[in-house]
Amino acid sequence: MADEDRLRTVDEHLSIVLDGIGSIDPIELTLLDSQGLLLAENVVADFPLPSFDNSAMDGYAVRAIDTRDASEEEPLELQVVGDIAAGAKTRSGMGPGLAMRIMTGAPIPAGADAVIPLEDTDRGLARVSILRPVRTGECVRRAGEDIGAGDPALGAGAALGPQQLGLLAALGRDRVIVRPRPRIIVLSTGSELIEVGKRPSFGEVIDSNSYMIASAAKDAGADARRIGIVVDDHAKLLDALENQLLRADVLVTTGGVSMGAYDVVKEALTELGTVEFTRVAMQPGKPQGFGHIGNKIPIFCLPGNPVSSLVSFEVFVRPAIRKLLGKRQLERSTVQAVAIEGARSPRGIRQYRRGVLHREASGGYGVSFVGGAGSHLVASLALSNCLVVIPEEETEVSAGSQVTVMPLLLANR
Ligand code: AMP
Ligand code: MG
């Protein structure tokens, strides 16, 4: 077989793609905008948490030693010399043999070293009866017991979810430096395409790819925007791409990469010399374009058939987005499932079949196929929730055998 006839494997193409993906400079974002991103700084506590000794319960601040002999039979009676609410701005003080009523979160007064919970007292206002002894430090949250001033709180690379955002807020950080969401521009090519909202005349097709790919990019963590349709014309395509170079971290086009007479993406970008068009040993998604334009902006040129473009996105673009986000795991996780029906696959080609994955009563997974061979079948694509991966060396999947499945789980569900 001549070398130019050899198809590139999926793994080879993916590693070429990932080698061509650099990194984006960190940016500062407000806390809620940083959700789901990775921290790009080491955060140290400027002050301790808790920042002052405070009560863990509603009760009475006391000196533990005073309560040594207290019991239900012989309660200890103490004079209550004040009331401390959460938010008290100054530190109260009290002498031995006295008590102060104190609320959860309120500062422990000087002179007290423990809190007796309300339920272990008679809840008195002027005088209170204590029904049991209290240990030193009981119901007291010590300053710095959670994190001390100068201690590391979160390291660069930490994923920011609710727990981490809560800590950052508690430490007084309203902004953090993070790896940003890559800005992805999605552009559809094809002279047959029209905008959604119009009713197609004969020969026209509504551009659905840009919605599908932009939403897949958003789901992968990117900041995705579609910029509409470009007709099959060299100059118009190069113009449209040029206009986006300052706005994009990644460009994605669909359509125009096959062997057809009007496959302008391939023609126009091949001339630039920085984008390579190859054939990958996969189905669907054989024609793939990848390279860089402008100031080293990565560009993916995906095939136009909707199923091909989504599969191509999943296999190549999603891992690239995750690399830009700084994530460690770039590829989707897979699960093993029992194939409910059989399927055939050409030798030497990695096939991605649309599937419906479900839980079996036994606890394992089962998967059935939807959509058949056609890469234009968007209705059945919408029924699928996974891709079944049939490896290169396998030519037949028999019903009842184990297959590898890539669930297309939504990040936000
Ligand atoms: P192409 O890769 O340009 O040869 O397109 C392959 C097939 O996909 C053709 O039937 C196109 O009409 C269709 N197609 C291309 N782009 C889109 C799009 N953005 N939305 C829906 N269908 C498309
Ligand atoms: Mg086309």
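Which atom of Asn-209 lies 3.3 Å from a nitrogen atom of ligand 1? A backbone N or O atom of Asn-209 does. The views below are of a predicted model.

**View 1. Polar contacts of ligand 1 with the protein.** Glu-192 takes part through its side chain: one of its polar atoms is 2.5 Å from an oxygen atom of the ligand. Gly-304 takes part through its backbone, where a polar atom is 2.9 Å from an oxygen atom of ligand 1. The contact of Asn-209 also comes from the backbone, but its partner on ligand 1 is a nitrogen atom, at 3.3 Å. On its own, ligand 1 has 490 Å² of accessible area, and the protein covers 77% of this.

**View 2. The shell of residues around ligand 1.** There are 16 residues around the ligand, and those that come nearest are Glu-192, Asp-207, Ser-208, Gly-256 and Gly-304. Sorted by class, the shell holds 10 polar residues, three charged ones and three nonpolar ones. At least two residues of the shell are supplied by E12, and at least two by strand E14 (205-206).

**View 3. The six-stranded open sheet.** The strands follow the order E15-E12-E16-E20-E19-E17, and their pairing is mixed. At the edges are strand E15 (223-230) and strand E17 (275-279), each of which pairs on one side only. Ignoring direction, neighbouring strands of this sheet are turned by 20 degrees against each other on average. Strands of a sheet pair through backbone hydrogen bonds, in either the parallel or the antiparallel sense.

**View 4. The pairing of strands E19 and E20.** Strand E19 covers residues 287-293 and strand E20 residues 297-302. The two run antiparallel and are joined by five bridges. Within this pair, Phe-290 has Phe-300 of E20 opposite it.

**View 5. Helices H1 and H6 against the six-stranded sheet.** Helix H1 (residues 10-19) packs on the sheet and touches E17, E19 and E20. The direction of H1 makes about 15 degrees with that of E19. Helix H6 (residues 306-325) lies across strand E12 (183-189), strand E16 (250-254), E19 and E20. Relative to E20, H6 runs at about 165 degrees. E19 and E20 thus appear in the contacts of H1 and also in those of H6.

**View 6. The five-stranded open sheet.** Here the strand order is E7-E4-E6-E5-E8, again with mixed pairing. Strand E7 (114-117) and strand E8 (127-130) form the edges, each pairing on one side only. From one strand to the next, the twist averages 40 degrees. Strand E4 (residues 59-62) pairs with strand E6 (residues 98-102) in the antiparallel sense, over three bridges. One bridge partner in E6 is Met-100, which is matched with Ala-61.

**View 7. Two cis peptide bonds that lead into proline.** The bond from Leu-49 to Pro-50 is cis, and its omega is near -15 degrees. Pro-50 sits in the loop between strand E2 (43-44) and strand E3 (54-55). The bond between Gln-283 and Pro-284 is also cis, with omega about -5 degrees. Pro-284 belongs to the loop between strand E18 (282-283) and E19.

**View 8. Positive phi at Arg-123 and Cys-139.** Most residues other than glycine have a negative phi. Arg-123 has a positive phi, near 60 degrees, and is located in the loop between E7 and E8. Cys-139 likewise has a positive phi, near 55 degrees. The loop that holds Cys-139 lies between E8 and strand E9 (140-141).

Methods:
Residues numbered from 1 in each chain as written. Chains lettered and ligands numbered in written order. Predicted model: local features only at pLDDT ≥ 70, side-chain atom pairs only at ≥ 80, totals over all residues. Heavy atoms only, no water. Pairing = 2+ DSSP bridges. Helix = DSSP H or I, 4+ residues; strand = E, 2+ residues; numbered from the N terminus. Axes fitted to C-alpha atoms, helices over the stretch in contact; angles between N-to-C directions. Contact = heavy atoms within 4.5 Å. Near = heavy atom within 4 Å. Polar contact = N/O pair within 3.5 Å; in protein donor to acceptor, adjacent residues only side chain to side chain. Areas by Shrake-Rupley, 256 points an atom, 1.4 Å probe, with all protein chains shown as cover. Nonpolar A, V, L, I, M, F, W, Y, C, P; charged D, E, K, R; others polar.
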